[in-house]
Amino acid sequence: MSSNKHSSLRLLLSIFLCICLLLQACSPGSTTPNRDSRVAQSQESKLFSEITDTLFRESASSNALSLNYTLANPEKYGVGTTAGGFQPISYETLTNTAPETENLLHALDAIDKEKLSVSQQILYDSLVYTLQMDLRGQNFVLFSRALSPVTGLQAQLPVLLAEYSFDSVSDIENYFSLLSSIPGYFDSILSFCGIQAQNNMLPCRDTLEHITEQCRSFIENNGSRILTASFNTRLKACAFLDKNVIRSYKRKNKGLVKSCIVPAYEKLANGLAQYCQIAGTDGSLSELENGKAYYEYLFATETGSSMSAEECYQYLENRLDNSKETLLAYAKKDPSLFSGLSAKTAGTENGTALTPEEQLTKLSHAIEQDFPKASEVDFTVSYVDKSLEDYLSPAFYLTPPLDAFTENAIYINNSKRFAGADLSTTLSHEGYPGHLYQNVYYRQQNRPLLSYTLNFSGYTEGWATYAELYSYKYLGYTKDEVGILRNNMIVSLCIYGMCDIGIHYYGWGENEVLDFLNKHGSYEAETAKALYSNIIDEPGSYLKYTVGYMEFIKLKDAVREYMGDRFSEMAFHTFVLSAGPAPFDVLRNYMEELLPK
């Protein structure tokens, strides 16, 4: 998740690789796979459903946080209502998942994919891709980072806990289990850092210092108050609890926050401070043993693209040059376009500023001409707690449970670091037609359960970035102004992506970053330093936005060529949204199946 780009705070649900093919299929009331009318319910289809539904249940019930963010009514899906806290990280476990992964791949290989429905085939290909990436990742366990300044669990945890839903007594008891598990989980992270230190694989000193400072800021600014205040607010809405139980729960939560959360963050900060003293100073992945190979793996997992890092760098360089030339052509055509653009303010109506909720509602109606209809849902726009402002992204969308997608939450970060950010485009990225809309539309589709928990961030962040650029046409700009804004954003995306590759694959330092930036504009040394630091802290963070967006544009060009005169924005958007998150080659392979004939 980038601290300079709008981001989706998406709970990443890892698959528990356990093969148990004899479990019952989904219980009544669960989502069942969508099937082509051309394909009968074959034995292959039933077997595939058993495998993927088993994986879904294992993933959903792996811990209380996963369960709460995946299902509001787990019993309807054959999932138990009780879940514990986080399991400690184990280096031995992380390095011994290959046999289970290989067994599952063998089981999938025995299935005749052609006898599955199209939606099952897409899931089949996406699952195989994920498992193959998991096997590839076995070579890079020591590169793993449970902690990072923006996307690390220690950064996301306060908001995730504050948004944890209480729909039953089980939810609350599970929540307490989660709080109780945090000290042990953080201890296991420090132990894993010790193994990394023994192998000279720690994150660099600056990154560790940034995480340490973040933990201490959370403590010193009384960040834990969000966990008590939000807990008490949520309890008030629990009609199934009497007053005495509510008072008891409040006392228990306050005690756990005081005895578990605060000490855990303190111990984590102190432990990381010790590792800061022995960590290296060069944060480029290319400087580590097998670092370039790991970056290629990271590139693939972050983007879902089949391009190599080198191929992508060249592709982005060409796109950067094209967009710069386009901007120059606009300047030659009418220089006043740029000055007029800077004076415009989006997010207003008749000179009056619209609230974030009003802007989202307006966008949800404006996009109907180019995007398929999605269910009307409720959403709230909240602001990040001040104790977290310095580290979290400008904005993020929290993905709701699969069976409760009508309640959606977007967070805005009011940090002065983002004072110049355009709220309108932020809301289009996080809301309509970005993350919120994409999630709501896909949840309407009758897809195999596992389809909704596999993570393809190149698709999700690429779509939100595509949606952000597309939304300029709805914000009151002229056609030329839209062209300027889009190409200006493409220039930024290319620069971010090329710097990510440059730093972690080619080994650029701060000076090389500054030289590169000044080849494409006029930048101060502080700007280069900040960008370099962000990319060192979060390797690959910009790739899912930049490469994901570029892959959507390439896919759109392929659809336009395939459909010819029949092409429409509505047809393209319906295709990619209905197919859902997947690697981009998988999406390309199903164009003919899913596009209008």
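Which residues are linked with Glu551 in a network of salt bridges? Keep that in mind while you set up the view. This is a predicted model.

**Colour by confidence**

Start with pLDDT. The mean for the protein is 91, and 92% of the residues reach 70 or more. Now select residues 1–39. Here the pLDDT is below 50. The stretch still has 142 contacts in the model beyond near neighbours in sequence. Where pLDDT is low, the predicted coordinates should not be read in detail. Hide residues 1–39 if they clutter the view, and move on.

**The network**

Select Glu551, Lys554, Asp585 and Arg588. These four are linked in a network of salt bridges, which settles the opening question. Zoom in on Glu551 and Arg588. Their closest N and O atoms are 3.2 Å apart, and the two form a salt bridge. Show the cartoon as well: Glu551 belongs to helix 21 (residues 543–563), Arg588 to helix 23 (residues 584–589). The pair therefore ties together parts that are 37 residues apart in sequence. Add the surface. Glu551 is buried at 1% relative accessibility. Arg588 is partly exposed, at 24%.

**Two more salt bridges**

The structure holds 13 salt bridges. Side chains of opposite charge can pair when their charged atoms come close.

Select Asp385 and Arg225. They form a salt bridge, with 3.4 Å between the closest N and O atoms. Asp385 sits in the loop between strand 3 (378–383) and strand 4 (395–398). Arg225 is in helix 9 (residues 225–236). The two are 160 residues apart, so this pair links distant parts of the chain. Buried or exposed: which is Asp385? With 16% relative accessibility, Asp385 counts as buried, because the cut-off for that class is under 20%. Arg225, at 33%, counts as partly exposed.

Next, select Lys362 and Glu349. Their side chains meet in a salt bridge of 3.5 Å, N to O. Lys362 is in helix 14 (residues 356–366), and Glu349 is in strand 1 (residues 348–349). They are 13 residues apart. Lys362 counts as partly exposed at 38% relative accessibility. Glu349 also counts as partly exposed, at 40%.

**Strand 4 and its partner**

Return to the loop that holds Asp385 and follow the chain into strand 4. Show side chains there. Ala395 and Tyr397 lie on one side, Phe396 and Leu398 on the other. All of them are buried, and both faces of the strand are covered. Now bring in strand 5 (residues 407–412). Strands 4 and 5 run antiparallel, joined by four bridges. Which residue in strand 5 is the bridge partner of Phe396? Select Tyr411: that is the partner.

**The cysteines**

How many disulfides does a search of the whole structure find? Zero. A disulfide is a covalent bond between the sulfur atoms of two cysteines.

Select Cys193 and Cys276. The closest cysteine sulfur to that of Cys193 is in Cys276, 9.9 Å away, and that is too far for a bond. The cut-off is 2.5 Å. Cys193 is buried, with a relative accessible area of 7%.

Finish at Cys499. This residue is in no disulfide either; the nearest cysteine sulfur belongs to Cys494, 11 Å away. Turn the surface on once more. Cys499 is buried, with a relative accessible area of 0%.

Notes:
Residues numbered from 1 in each chain as written. Predicted model: local features only at pLDDT ≥ 70, side-chain atom pairs only at ≥ 80, totals over all residues. Heavy atoms only, no water. Buried < 20%, exposed > 50% of the residue type's maximum accessible area, 1.4 Å probe, protein only. Pairing = 2+ DSSP bridges. pLDDT = per-residue confidence, 0-100. Contact = heavy atoms within 4.5 Å.
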